[in-house]
Amino acid sequence: MRIALFGGSFDPVHYGHLELIRGAILSGSVDIVIVIPTVNNNFKRGRALTPAPYRYYMTDAVISSEFKKNVFVSDIEFSFDGITYTVNTLRQITKDSYIIPFLIKNGIPGERAAERHSFFWLCGSDILRDFDKWHKPAEVLSYAALLCAKREGDESDLLYNCSRLKELFGCDIALFNMKGIDQASSDIRNRNDINALPGACRDFIATHDLYNAIRSLDNCSDKACDLYYRSAVRMYPTLSSKRLLHTLNVDLLAAKLAHYHGIDADKALIAGALHDSAKEYPIEEQRSMAREISGDMFDHEKLLHSPAGAYIAMHDYGITDQEILDAITYHTTGRGGATTLDKIVYLADKIEPSRTYTDLTEMRRLAPVDLDEAVRLCAISVADKFRRKGRELHPVTSDFMRELGIVL
Ligand SMILES: [Fe+2]
Ligand SMILES: [Fe+2]
């Protein structure tokens with residue numbers, strides 16, 4: 001098969017991206033397109049981009065709603081350490097050991113998946129201007145030929161760059177015509193103007209309040225942001241999409257609330273980032289990690305992940321700050337003598353933007369202005385749920401609720 005590979009930040013995915021994909025397929029140059037959201041892009045590090053899992057799941061949602069069977073999304077870059085160059089991605093994705101199972105998983109029959117494939121790097125004409133300055137351009141071309149969109153008005157620059165690259169690398173560049181759509185992700189992001197985006201993309205951004213929430217990072221240090229970005233990539237293989245996106249939402253909301261209530265936004269961001277890190281570990285593993293942190297204090301299966309998360313924060317991320325570790329340990333139960341940080345993580349966990357419980361409106365309104373009242377409403381709703389289900393509150397939760405003035 002002829003396979004086009006289309007890498008990018010997709011922050012967010014817009015109609016320009018979709019037209020490029022459609023144009024490549026309609027031109028008859030390729031059979032399928034594989035879209036590859038970057039994870040650690042060399043040119044856009046740290047806060048310049050939204051964390052990779054958001055961009056990956058957003059791209060996946062848009063591609064699966066716009067295309068049926070010939071465009072797929074690859075998460076290959078999540079398995080790379082450090083900065084990723086296009087050449088590394090091509091080296092791995094073109095290997096039979098990756099591409100055959102990937103195609104089969106996406107519904108391509110085994111026989112076709114195992115054919116000898118030819119690969120193309122799908123790009124816009126602007127890429128050709130600087131292609132020779134990429135990391136190892138000759139090796140890039142040894143894996144994939146360039147397949148470039150040609151838009152009206154591109155001609156002179158495009159033809160000049162094609163002949164220049166042919167002289168430098170001896171490569172032919174395949175061209176196809178594309179309807180020009182002028183959209184730039186950075187403009188959309190900066191203006192938070194999501195109206196001109198594909199429907200699935202708009203829904204995703206609205207569900208996670210993405211480009212508003214990400215501004216919380218402005219109140220955090222580079223060091224805390226670095227841990228936040230690293231944890232997002234590291235948790236990708238260990239948490240389901242829903243849980244990971246929830247986690248990322250909690251971090252951002254916790255950092256925002258910390259800023260409003262005058263406490264350290266870094267601590268809130270880190271506690272939020274790791275609060276559910278153990279949630280999908282096997283239960284016995286959670287139990288043994290929890291024991292290290294809090295002995296036998298928690299034995300209910302639903303509570304183990306909280307102290308186990310503190311264990312992961314200590315051992316995998318080197319967190320030693322007791323306030324952060326406690327906020328993770330008590331994020332499900334609360335505790336007597338809860339700190340402002342404890343309350344913020346507890347509340348953010350229940351009201352982050354993708355939560356759909358029915359009674360969140362008032363808690364969300366109060367959260368930035370009256371933290372204790374918002375937490376009290378949240379705890380009342382938890383107590384009601386326990387009562388309805390006939391479940392006992394943990395003693396530390398009872399202490400927490402009494403101190404909030406809740407009559408049990
Ligand atoms: Fe949790
Ligand atoms: Fe959570």
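# Worked exercises on a two-domain predicted model

**Exercise 1. Find how helices α17 and α18 pass each other, and which residues make the contact.**

Solution. Start with the axes: those of α17 (residues 322-329) and α18 (residues 340-351) come within 9 Å of each other and cross at roughly 40°. Keep in mind that this is a predicted model. Next, the hand: α17 goes past α18 in a right-handed crossing. Now pick out the residues. On the α17 side they are Glu323, Asp326 and Ala327, and α18 brings Leu341, Asp342 and Val345. Sort them by class and you get three nonpolar and three charged residues, with no polar ones.

**Exercise 2. Compare the span of helix α20 with the expected one, then work out what its buried residues pack against.**

Solution. Take the length to begin with. α20 covers residues 371-389, which is 19 residues, and it reaches 27 Å from its first C-alpha to its last. At 1.5 Å a residue you'd expect 27 Å, so the span is close to that. Then look for the buried positions: Ala374, Val375, Leu377, Cys378, Ala379 and Val382. These pack against α18, α19 (361-366) and α21 (395-403). Finally, check what follows the helix: Gly390, with a positive phi near 70°.

**Exercise 3. Decide whether Leu253 is buried or exposed, and find its contacts beyond its sequence neighbours.**

Solution. Locate Leu253 in helix α13 (residues 241-260). Count the other C-beta atoms within 10 Å: there are 28. The cut-off for buried is 20 or more, so Leu253 is buried. Now set aside the neighbours within four places in sequence, and you're left with contacts to Ala213, Ala348 and Glu352. Ala224 makes a handy distance check: Leu253 is 29 residues from it in sequence and 15 Å from it in space, C-alpha to C-alpha.

**Exercise 4. Look through the loop between β1 and α1 for backbone oddities.**

Solution. The loop runs between β1 (2-8) and α1 (15-26), and Pro12 lies in it. Check omega on the way into that proline: the peptide bond from Asp11 to Pro12 is cis, with omega near 5°. Then step back to Phe10, found in this loop too. Phe10 isn't a glycine, yet its phi is positive, about 50°. As for its surroundings, Phe10 counts as buried because it has 26 C-beta neighbours inside 10 Å.

**Exercise 5. Find where Asp209 sits, what its phi is, and how exposed it is.**

Solution. Asp209 belongs to the loop between α10 (199-208) and α11 (210-213). Read off phi: positive, at about 50°, although Asp209 is not a glycine. Count neighbours and you find 16 C-beta atoms inside 10 Å, so Asp209 counts as partly exposed.

**Exercise 6. Describe how the chain divides into domains and what the domain 1 side of the contact is made of.**

Solution. First the overall picture: the 408-residue chain has 45% of its residues buried, and its C-alpha trace spans about 75 × 40 × 35 Å along the principal axes. There are 21 helices and six strands. Next, the split: domain 1 takes in 2-199 and domain 2 takes in 209-403. Their centres, taken over C-alpha atoms, are 36 Å apart. Twelve residues of domain 1 are in contact with 15 of domain 2. On the domain 1 side, the largest share is four residues from helix α2 (residues 52-66). By class, that side has seven nonpolar, three polar and two charged residues.

Terms used
Residues are numbered from 1 along each chain as its sequence is written. Chains are lettered from A and ligands numbered from 1 in the order in which they are written. This is a predicted model: local features need pLDDT of at least 70, side-chain atom pairs count only at pLDDT 80 or more; totals for chains, interfaces and linings use all residues. Helices (H or I, at least four residues) and strands (E, at least two) are DSSP runs, numbered from the N terminus. A residue is buried if 20 or more other C-beta atoms lie within 10 Å of its own, exposed if 12 or fewer, and partly exposed in between; C-beta atoms are placed from the backbone. Axes are lines fitted to C-alpha atoms, for helices over the stretch in contact, and angles run from 0 to 180 degrees between N-to-C directions. A crossing is left-handed if the near helix is turned anticlockwise from the far one by less than a right angle, and right-handed if clockwise. Two residues are in contact if their C-beta atoms, placed from the backbone, lie within 7 Å. Ala, Val, Leu, Ile, Met, Phe, Trp, Tyr, Cys and Pro count as nonpolar, Asp, Glu, Lys and Arg as charged, and the others, Gly among them, as polar. Domain bounds come from an automatic or database domain assignment.
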